[in-house]
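Welcome! Let's take a friendly walk through a protein model and look at its hollows, its metal site and some of its packing.

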Amino acid sequence: MKRRKVLQNLSALGSLAAFPEFSSGISRQPAVAPVRKIATEEAFTIPEIADAYREWINKEGVNLDRLVLKQIYDTPDARLAASNTDVSNRDRAALGMLPKLLDLDAIRLSDMEAGGVSMHILSLTMPGVQVFEPRQASALARLANDRLAEAIRKQPARYAGLACFAPHDPQVAAKEMERGIQSLGLNGFIVNSHTHNLYLDDPSFSPVLEAAEALNAPLYIHPRAVSDGMAKPFQDYRMEGAAWGYGIETSTHILRLIFGGVLDRFPKLQIVIGHMGEGLPFWLWRLDFMGSPGARAGRKNQLKPSEYFKRNIFITTSGVEDPVALRFCIDKLGADRIMWAIDYPYQPTAPAVAFIETAPLSDVEREMIAFRNAERIFRISR
Ligand code: MN
């Protein structure tokens, strides 16, 4: 092995607290030029949707998402950030999460520049348009997709994006998905888990799944707070969000698609999930034991859960910067099914960048996870 190679590998090992036995005296700096980085789960919104959330969260009977949304959209800082008052970008960026969600220009680009991030694959932030009634949801989806396409046209090297849609307006949604790919040139779709407490295995959503499969573009299933039927145990200690509820909500969604036979009906559907697979890779052995065709629960699906996983599902590293979890997922799923993500602006850029630059990976694995898989799966051309 060449010396440069050895140094490179040592450097990769040395940066991690998880491998203290290797870390003493070894530089934390990567030994070579930083790898190209495409971040695959990067959030944005538009003012019209921010305004609509502000109205929605103060209604009676809305779900647990209101707890987080109130903090982002309905504080004095958020109101100032959303106003047209003359505030510089720098001041605006200090006003909580909303300015960064709303910005597809100076604030975001300078954060990317500072972190050495080549590209954001943008998606409308949770809970998307799905909380609104169908007509309003479809209108806002169209508007968000137009704005997204415009931002990409201005910065084609820095941005790609996923089209949103209103699943509960399924015929219109399927048309919007087609427009998103064929007219706007977007790279896939985003859905923020349940829609009015229904999951995509509900037969009413079939047109959406048909469209995603026919257009041959990946569907990113992003978390939101758990649906109302399982809300209570999550609410007491504020577990409905990123700490726990998001993962349970989204992993449950995926298992409904598997056990509900959706992936038998749509065998070519390509699904992306974040947060290192929302815990599911760790469960695959047990899922196969209990959930294989003909297993003790009388499963009738065509494949084992892990076989669907390796056929239909990709994962991203958003919000999980743990090299041990990453290595496990590579061993379990293959490096070709994993993409790097930051989860901007909810997660800071610098640690996410340090994670992918220094995780103990081979050069080939690092390039696959940092950008090559994203280019292939989301059809991004340079
Ligand atoms: Mn996210």
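## The second largest pocket

We start with the residues that line the second largest pocket: nine are nonpolar, five are polar and seven are charged. Keep in mind as you explore that this is a predicted model. The pocket has a volume of about 600 Å³. Of its 21 lining residues, Pro47, Leu102, Asp103, Leu104 and Asp105 come closest to the centre.

Which elements give two or more residues to this lining? They are the helices H3 (47-56), H5 (76-82), H6 (89-93), H7 (98-102) and H9 (134-154). H9 supplies the largest share, with four residues.

## Two helices that pack together

H3 and H9, which both help to line the second largest pocket, also pack against each other, at an angle of about 145° and with their axes 9 Å apart. On the H3 side, the contact is made by Pro47, Glu48, Ile49 and Ala52, while H9 brings Gln136, Leu140, Leu143, Ala144 and Arg147. Sorted by class, the residues of this contact are six nonpolar, one polar and two charged. If you are looking for a link between the two sections, try Pro47: this residue belongs to the contact between the helices, and Pro47 is also among the residues closest to the centre of the second largest pocket.

## The largest pocket

Now turn to the largest pocket, which holds about 760 Å³ of space. It is lined by 29 residues, and those closest to its centre are Ala242, Trp244, Tyr246, Gly247 and Glu278. Three helices each give two or more residues to the lining: H13 (245-259), H15 (275-278) and H16 (280-291).

Which of these helices gives the most? H13 does, with six residues. By class, the lining of the largest pocket has 15 nonpolar, nine polar and five charged residues.

## A cavity and a manganese ion

How many cavities of 30 Å³ or more does a search of the whole structure find? There is one, and its volume is about 40 Å³. Its lining is made of Glu41, Ala43, Ser123, Leu124, Thr125, Met126, Asn192, His222 and Asp343. Strands E1 (38-44) and E2 (119-124) are the elements that give two or more residues to this lining. Three of the lining residues are nonpolar, four are polar and two are charged.

Some of these names return at the manganese ion, where the protein donors are Glu41 (OE), His222 (NE2) and Asp343 (OD), at 1.9 to 2.2 Å from the ion. Along the sequence, the donor residues follow the spacing E-x180-H-x120-D. Glu41 sits in strand E1 and Asp343 in the loop between strand E8 (338-339) and helix H19 (349-358), so this pair joins distant parts of the chain, 302 residues apart. Glu41 and Asp343 are both buried.

## A buried methionine

Our last stop is Met177, in helix H10 (residues 170-182). Is Met177 buried or exposed? Met177 is buried, because its relative accessible area is 0%, and buried means under 20%.

What does Met177 touch, leaving aside its neighbours within four places in sequence? The residues in contact with Met177 are Phe165, Phe189, Val208, Ala211, Ala212 and Leu215. You can also compare two kinds of distance here: Met177 and Ala166 are 11 residues apart in sequence, and in space their C-alpha atoms are 9.7 Å apart.

Methods
Residues are numbered from 1 along each chain as its sequence is written. This is a predicted model: local features need pLDDT of at least 70, side-chain atom pairs count only at pLDDT 80 or more; totals for chains, interfaces and linings use all residues. Side-chain values use heavy atoms; hydrogens and water are left out. On a 1 Å grid over the protein atoms alone, a cavity is a set of points where a 1.4 Å probe fits but cannot get out, and a pocket is an open set with protein on both sides within 12 Å along at least five of seven lines; lining residues have an atom within 4 Å of a point. Grid points are joined across faces, edges and corners, and a volume is the space filled by probe spheres set on the points. Ala, Val, Leu, Ile, Met, Phe, Trp, Tyr, Cys and Pro count as nonpolar, Asp, Glu, Lys and Arg as charged, and the others, Gly among them, as polar. Buried means under 20% relative accessible area, exposed over 50%, partly exposed in between (1.4 Å probe, protein chains only). Contact means heavy atoms within 4.5 Å. Axes are lines fitted to C-alpha atoms, for helices over the stretch in contact, and angles run from 0 to 180 degrees between N-to-C directions. Donors are N, O and S atoms within 2.8 Å of the metal (3.2 Å for Na, K and Ca); water is not among the atoms, so sites may look incomplete.
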